[in-house]
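Biologist: Please take a close look at a single part of this model. I should like to know what surrounds it and how it sits against its neighbours.

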Amino acid sequence: MKIEYIVGNPLDYSEGKFNVYFEVASKENALKVILRTGITNEVVEKEYGFVIQIARQQIPEIVREFAEQNIAIYAVVPGKRV
């Protein structure tokens, strides 16, 4: 799987959406967390995780939710703006 990534700005508080890849240990539980947050309905399943369309400032929110549910995160790869 080829994932293109960009170096972003952590101070980007715009509403612009990015494709962000999350590689996780438990895809089933991770999907439940993603959908429960209501942040996005744009979820594309990959072999070891998901690509979701979210704003850059929402990345830490998803990571925090995964951590609270003891879902191991192996990668977070922000992609290009959509």
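Modeller: The buried residues of helix H2 (59-68) are covered by elements that include strand E1 (17-24), helix H1 (27-37), strand E3 (49-55) and strand E4 (73-81). Helices (H or I, at least four residues) and strands (E, at least two) are DSSP runs, numbered from the N terminus. The model is predicted: local features need pLDDT of at least 70 and side-chain atom pairs pLDDT 80 or more, while totals for chains, interfaces and linings use all residues. Residues are numbered from 1 along each chain as its sequence is written, and side-chain values use heavy atoms, without hydrogens and water.

In H2, the buried residues (under 20% relative accessible area, 1.4 Å probe, protein chains only) are Ile 59, Ile 62 and Phe 66. They lie on the same side of H2, because their arc around the axis is only 70°, taken from the directions from the helix axis to the C-beta atoms.

Beyond neighbours within four places in sequence, Ile 62 is in contact (heavy atoms within 4.5 Å) with Phe 22, Thr 37, Ile 39, Ile 52 and Ile 54. H2 lies across E1, E3 and E4, and runs at about 25° to E1; such angles, from 0 to 180 degrees, are between N-to-C directions of lines fitted to C-alpha atoms, for helices over the stretch in contact.

Those strands belong to an open sheet of four strands in the order E2-E3-E1-E4, with antiparallel pairing, where pairing requires at least two DSSP bridges. Seven bridges join E1 to E3. Just after H2, Asn 70 adopts a positive phi of about 55°.

Notes. Buried means under 20% relative accessible area, exposed over 50%, partly exposed in between (1.4 Å probe, protein chains only).
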